[in-house]
Amino acid sequence: MQMQYTAETVQSLSQCFLQTLVPSPEPRRQAEEFLKRASDQPGYGITILQLLSEASVDEQVRQSAAVNFKNHVRNRWAPPDPDSLPECPIIQDPEKEQIKTLIVRSMLSAHPRIQSQLSEALAIISKHDFPKTWQTLLPELVTNLQSSADYAVINGILNTANSIFKKFRYEYKSNDLYIDLKYCLDGFAAPLLEVFLRTGQLIVANMQNATVLRPLFECQRLCCRVFYSLNFQELPEFFENHMKEWMGEFRTYLTTPYSVLEDAERDKEGIVDQLRAAICENINLYMEKNEEEFQEYLKDFASAVWGLLMNVSTASSRDRLAVTAIKFLTTVSKSVHHILFSSVDILRQICESIVVPNVMIREDDEELFEMNHIEYIRRDIEGSDLDTRRRMACELVKGLATHYKEQVMAMVSMHIQNMQAKYVTNPAENWKEKDCAIYLVVSLSTKQTAGVSASTDLINFEQFILTMIMPELQSEDVNAQPLLKADALKFLTTFRYQIPKTSALSIMPHLMRFLLCESNVVHSYAANCIEKMLLVKDGRQLRYTSADINPFVQPLMTNLFNALKFPESQENPYVMKCIMRVVGIADLTGDLAIGCLTGLTSILNEVCKNPKNPSFNHYLFESVAALMRRSCERDPGLIASFEANLFPVLQTILVHDVTEFVPYALQLLAQLIEINRPPLPTTYMQIFQLFLSPESWQKKANVPALVRLLQAYLQKAPRELTQEGPLSQVLGIFSKLVSSKSTDHLGFFILNTIIENLSYEVISPYLCHIWSALFIRLQNQRTVKFVKSVIIFMSLLLVKHGPGALADSINSVQTNIFPAILEQFWVTTLKSITGVLETKLCSVASTRLLCESPTLLADTSAALWGKMLDSTMNLLARPEEDRVEEEIEMPDLEETIGYTPAFAQLYNAGKKEEDPVKEIKDPKEFLVTSLARLSAQAPGKYPSIIQQSLEPANQAALAQFCSRYGCTVV
């Protein structure tokens, strides 16, 4: 029933909105339930919008209603997916038109807090409707913009325009996007400039009136953000024609002091800095994208930005301005206009007055180090510091070094030496100098070997380690000056490839000590350093082997587990990743292995109660898997201990359906099954039936892990599965998986494991059903990926049970369909097969078809025989990159709707790939020796077929193979 706007409705809704704000949960829940039911009624949205315009309604109520209206629009303006049924009723078109008619007027007349909510709602609507089905919006905004003198209204319009036009920054270029952009430019570019210039005049007239100036500066800031959006794709003609006006105003704001505002806003980011930062982003955009048109203004802007940076304090409130200004100078330094910085004096001034002051650590950084270690680490070693002064100052150095490397690096090197000297005179007082020196060396290091190895020319490397790094590592008090300890550890991590093995091993006891430092940053960095050290490779070989780690392993593991006991480090991902790396390399003896397992299962039991750190959890399960793999391979007697420790926690995960952990638990179960020797303990067989139930397969994230588990059962308990019941259920799961594009590869994992592990007598009754499922899918939803999987399955069936079994089972579906399947699918798809084992398998299977299959050896099949050989030669003679075209397959929409947790594969619990034709060492030799034997039985028959059917390149390659292996096709 349509909701009507009556006094009674207003009273009822107002009461509910008021109730949603009360602290008592029950009245709040009832009010929320009422509003949820009411929102299903047609007319609810327009009623709320009208309520927002009622001056008699309490301000608190209207604010709550504004948030509700915004969320109502977000959830109900359009379905989340056009091809699926919406979860809640969508607002009908007549009501949408009413809302669009009323919303601009309501927004502009509203209180600022309500206005911001309505502006967001309008932006949501415009995302779906503007401009195609909301042609009145832009003219209405422009009319109000030009006619109003109230800056609350003007800024409301500009804020809305800013939200609407942001899409031009991040959407991909397309005809539709450019049509929308042209429409917006035609309607808004001129009014935007008009408001910008008019407001500029008002600013000049009110230089001493802070109250008047604030909304005027906010207007100019919003104009700059709209400017950025409208210019992002390319330089529009209007802006090119009016560049002089825009740039003139921009320069004025960068160079004019506005002391009445700046003095009053020293402790927070002021509106003047916000405007200047927006201008710096605009001129940086022009420098990056419209350099030629912008060049006449460049010198003035470089000077203006330089002047700004000379006067910007180190206060965090001015960070954004400093960062955007430095970014602009960095862009200029890399461009063809780098000549502006060519003077040695200018380069020196940049290093002294911009780089060093902005790299020097501040109180804010120290506070972050102590109070928010997660954010500090994220910025310092994970690369999320793109918008920090320290990072941008170093980027400026790199930019200058693009053209003036020798001069710039010499200056920076001199500064580093001066910092070292200053630190040595008074280490307690001048510790920040040392921090800055290490930061510069690390940040300006040169990355090599795919970004892993780093080197530096700024310092004498050995001397720097000896004087700056080793004293920190050798310090008796691990808790003293933690920031410098963290710097030293970061230095070692960065330059780990440059540190000789003997030196690194001598440092290891010191690294282990820092795992017990109370600072979360320091023990995280120590764990990260050890973990990264263990990954260092010389060529393809790991530099540090088990023999290198074993002498340290007991105290190392003790310290790692103790590090996890520090406050706020109970789920430290760096420490757990280090545990994973150590147990994956070291040789853990029985007692130590069990001790580690006990520690890991104890942690696992704890995190099961409330999984909240995905990285930590993944490394935890990887650690268990790595420990199981390494320990049980060395000592199978440990398997029972692993089962005793792991079964209770795995049972907890599966019984209580701990969603995040179920895929991990299933993979660990598969690993436990695989390390057992047949026959499997009865415990495993008792729970097997649970994994075949349809309920287990409903969650998509569990499916890959369940498939992995089924493969383990098929491999280790084939005899138990030969009973009719379980195998039928397994094949039912295969049929379901193979019918979908997103899971068909998983279906083939099951099918191929069945072929590899069960006898032909067991599987033959089911082959007709299997082929029917595959052929239906080939007929209805054929993809390259699926056809390749079919060919691999056919090849596996052939090498295991012979060409006759393959042909007979296929022909049982439809008489004599086998030749057609070979011609339509096998011959055409063979060249697309990828992967070493898969390529070998399919080439061997093709060779056996050519030389053993009665179907192909019949005189009537000479043409098919020739095509098969040509295709086999493509597979064996041509490099993979030449014969395989990259195919992009779109997933089914109905299969991707809705959120499901992602499946995370455990590397250490991975299934070992077996070569199904390991008795054949070289598939090329196998081909030509088989052809030679075949041709000897019918001399003269095959050379003519080869000449007629094979491409010249393949004929030459075949001749080369024959010559290499001493064979002749006669």
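The following legends describe close-up views of a predicted model.

**Figure 1. Overview of the chain in the predicted model.** The secondary structure comprises 49 helices and four strands. Along the principal axes, the C-alpha atoms occupy a box of roughly 105 × 80 × 65 Å. The chain has 970 residues, and 54% of them count as buried. Among contacts with a separation of 6 or more, 75% link residues 24 or more positions apart. The accessible surface amounts to about 44,100 Å², and carbon and sulfur atoms contribute 51% of that area.

**Figure 2. Lining of the second largest pocket.** The volume of this pocket is about 910 Å³. Its lining consists of 39 residues, and those nearest the centre are Val 442, Ser 443, Ser 445, Lys 447 and Thr 494. Elements that each supply at least two lining residues include the helices α20 (373-380), α22 (431-443) and α26 (520-533), together with the strands β1 (446-448) and β2 (453-455). Helix α24 (482-494) also belongs to this group. The greatest contribution comes from α21, with nine residues. By residue class, the lining divides into 14 nonpolar, eleven polar and 14 charged residues.

**Figure 3. Surroundings of Thr 493 in helix α24.** Thr 493 counts as buried, because its relative accessibility is 9%. Beyond its neighbours within four places in sequence, Thr 493 makes contact with Asn 528, Cys 529 and Lys 532. Helix α24, which holds Thr 493, is also one of the elements that supply at least two residues to the lining of the second largest pocket.

**Figure 4. Cysteines Cys 219 and Cys 632 without disulfide partners.** A disulfide is a covalent bond between the sulfur atoms of two cysteines. A search of the whole structure finds zero disulfides. For Cys 219, the closest cysteine sulfur is that of Cys 223, at 4.2 Å, which is too far for a bond because the cut-off is 2.5 Å. Cys 219 is buried, with a relative accessible area of 0%. For Cys 632, the closest cysteine sulfur belongs to Cys 596 and lies 13 Å away, so this pair is likewise too far apart for a bond. Cys 632 is also buried, at 5% relative accessibility.

**Figure 5. Two cis peptide bonds that precede proline.** Most residues other than glycine have a negative phi, and most peptide bonds are trans. The bond from Phe 130 to Pro 131 is cis, with omega near 0°. Pro 131 is placed in the loop between α6 (112-129) and α7 (137-147). Pro 678 and Pro 679 are likewise joined by a cis peptide bond, with omega about -5°. Pro 679 occupies the loop between α33 (662-675) and α34 (682-688).

**Figure 6. Positive phi at Glu 568 and Asp 657.** Glu 568 has phi near 70°, a positive value in a residue other than glycine. Glu 568 sits in the loop between α28 (553-563) and α29 (573-585), and its relative accessible area of 59% makes it exposed. Asp 657 has phi near 50°, again positive in a residue other than glycine. The loop that holds Asp 657 runs between α32 (639-655) and α33. Asp 657 is partly exposed, with a relative accessible area of 35%.

**Figure 7. Pro 939 and Val 970.** Pro 939 lies in the loop between α47 (923-937) and α48 (941-949). With 60% relative accessibility, Pro 939 counts as exposed. Pro 939 and Val 970 are 31 residues apart in sequence, yet their C-alpha atoms are 5.2 Å apart in space.

Conventions. Residues numbered from 1 in each chain as written. Predicted model: local features only at pLDDT ≥ 70, side-chain atom pairs only at ≥ 80, totals over all residues. Heavy atoms only, no water. 1 Å grid on protein atoms, 1.4 Å probe; cavity = no way out; pocket = protein on both sides within 12 Å on 5 of 7 lines; lining within 4 Å. Points joined across faces, edges and corners; volume = space filled by probe spheres on them. Nonpolar A, V, L, I, M, F, W, Y, C, P; charged D, E, K, R; others polar. Buried < 20%, exposed > 50% of the residue type's maximum accessible area, 1.4 Å probe, protein only. Contact = heavy atoms within 4.5 Å. Areas by Shrake-Rupley, 256 points an atom, 1.4 Å probe, with all protein chains shown as cover.
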